[in-house]
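The following exercises are to be worked through with the predicted model in view. Each consists of a task and a stepwise solution.

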Amino acid sequence: MAKKKLGLEDLGGFVFSTNDDFDESEYANGESQEEIAPKDQQLEAHFSNKGRGGKTVTIIKGYEGPDEDLIVLGKMLKKKCGVGGSTKDGEIIIQGDDREKIMKILKKEGYNVKRVGG
């Protein structure tokens with residue numbers, strides 16, 4: 001069964017613009033986000049076990065920048081902590097309560113990070 005087309009993204013983007021200064025290349029790959037230097041990032045390290053069957057996780061919130069860079073940062077944190085996790089909805093989710101270790105790693109990489117909650 002073929003997937004239904006629901007929006008402009010499914011049709012390939014913008015169809016028509018009345019703006020004389022319209023530059024299609026700005027919108028070719030969706031929203032473009034500029035890369036922000038790590039020292040200008042304000043990250044938060046949260047502890048959570050809600051909605052996960054009692055399993056504890058560390059959630060890194062507040063990252064601003066391209067999703068590809070967030071995924072790379074998440075992979076690096078998982079590898080250095082030796083645990084699993086995921087990256088979705090602009091957050092990095094790391095299995096276990098490794099906030100102190102994660103904060104050390106992020107500070108070493110140049111990020112501003114603070115501990116939030118518990």
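**Exercise 1.** Which residues does Met76 touch, not counting residues up to four places away in sequence?

*Solution.* Begin by placing the residue: Met76 belongs to helix α2. Next, list its contacts beyond four places in sequence, which are Ile105 and Glu109. Finally, set the first of these partners in space: Met76 and Ile105 lie 29 residues apart along the chain, and their C-alpha atoms are separated by 9.5 Å.

**Exercise 2.** Determine how the buried residues of α3 are distributed around the helix, and what they pack against.

*Solution.*
1. Identify the buried residues of α3: Arg99, Ile102, Met103, Ile105 and Leu106.
2. View the helix down its axis. The buried residues fall within an arc of 165°, so they line one face of α3.
3. Recall the general geometry: an α-helix has 3.6 residues a turn, so residues three or four places apart point the same way.
4. Turn to the face directed away from the buried side, where the exposed residues Lys104 and Lys108 are carried.
5. Find the partners of the buried residues: they pack against β1, β2, α2, β4 and β5.
6. Inspect the chain just after α3, where Gly110 adopts a positive phi of about 100°.

**Exercise 3.** Describe the sheet, giving the order of its strands, its edges and the helices that pack on it.

*Solution.*
1. Trace the order of the strands. Five strands make up an open sheet, arranged β3-β4-β2-β1-β5, with mixed pairing.
2. Locate the edges: β3 (85-88) and β5 (112-116) each pair on one side only.
3. Compare strand directions. On average, neighbouring strands of the sheet are turned by 20° against each other, direction ignored.
4. Examine one pair in detail: β3 and β4 run antiparallel and are joined by four bridges. In this pair, Ser86 stands opposite Ile93 of β4.
5. Add the helices. Helix α2 lies across β2, β3 and β4, and runs at about 15° to β4. Helix α3 also packs on the sheet, touching β1, β2, β4 and β5, and its direction makes about 165° with that of β5.

**Exercise 4.** Which members of the largest nonpolar core touch the most other members, and which element gives the most to this core?

*Solution.*
1. Establish the set: the largest nonpolar core has 17 residues, and those touching the most other members are Leu43, Ile60, Leu73, Leu77, Ile92, Ile102 and Leu106.
2. Assign the core to elements. Two or more residues come from each of β1 (42-48), α2 (67-81), β4 (91-95) and α3 (99-108). Of the elements, α2 gives the most, with five residues.
3. Follow one member outward. Beyond four places in sequence, Ile92 touches Thr58, Ile59, Ile60, Leu70, Leu73, Gly74, Leu77, Ser86 and Thr87.

**Exercise 5.** Is Thr58 buried or exposed, and which backbone atoms lie close enough to its side chain for polar contacts?

*Solution.*
1. Place the residue: Thr58 is in strand β2 (residues 57-61).
2. Apply the cut-off for burial, which is under 20% relative accessible area. Thr58 has a relative accessible area of 0% and is therefore buried.
3. Check polar atom pairs against the limit of 3.5 Å. The backbone oxygen of Gly96 is 2.8 Å from a polar atom of the Thr58 side chain, and the backbone nitrogen of Asp98 is 3.2 Å from such an atom.
4. Place these partners among the other contacts of Thr58 beyond four places in sequence, which include His46, Ile94, Arg99 and Ile102.

**Exercise 6.** Set out the surroundings of Ser48 and of Gln95.

*Solution.*
1. Ser48 is in strand β1 and is buried, with a relative accessible area of 15%.
2. Its side chain reaches the backbone nitrogen of Lys50 at 3.4 Å. Beyond four places in sequence, Ser48 touches Lys55, Thr56, Val57 and Ile59.
3. Gln95 is in strand β4 and is partly exposed, with a relative accessible area of 46%. Its contacts beyond four places in sequence are Thr56, Val57, Val83, Gly84 and Gly85.
4. Relate the two: Gln95 and Ser48 are 47 residues apart in sequence, and their C-alpha atoms are 9.9 Å apart.

**Exercise 7.** What sign does phi have at Asp89, and where does this residue lie?

*Solution.* Recall first that most residues other than glycine have a negative phi. Asp89 has a positive phi of about 55° although it is not a glycine. This residue is in the loop between β3 and β4. With a relative accessible area of 73%, Asp89 is exposed.

Definitions and conventions: Residues numbered from 1 in each chain as written. Predicted model: local features only at pLDDT ≥ 70, side-chain atom pairs only at ≥ 80, totals over all residues. Heavy atoms only, no water. Buried < 20%, exposed > 50% of the residue type's maximum accessible area, 1.4 Å probe, protein only. Polar contact = N/O pair within 3.5 Å; in protein donor to acceptor, adjacent residues only side chain to side chain. Contact = heavy atoms within 4.5 Å. Core = buried A, V, L, I, M, F, W, Y, C linked by side-chain atoms within 4.5 Å. Pairing = 2+ DSSP bridges. Axes fitted to C-alpha atoms, helices over the stretch in contact; angles between N-to-C directions. Arc of directions from axis to C-beta.
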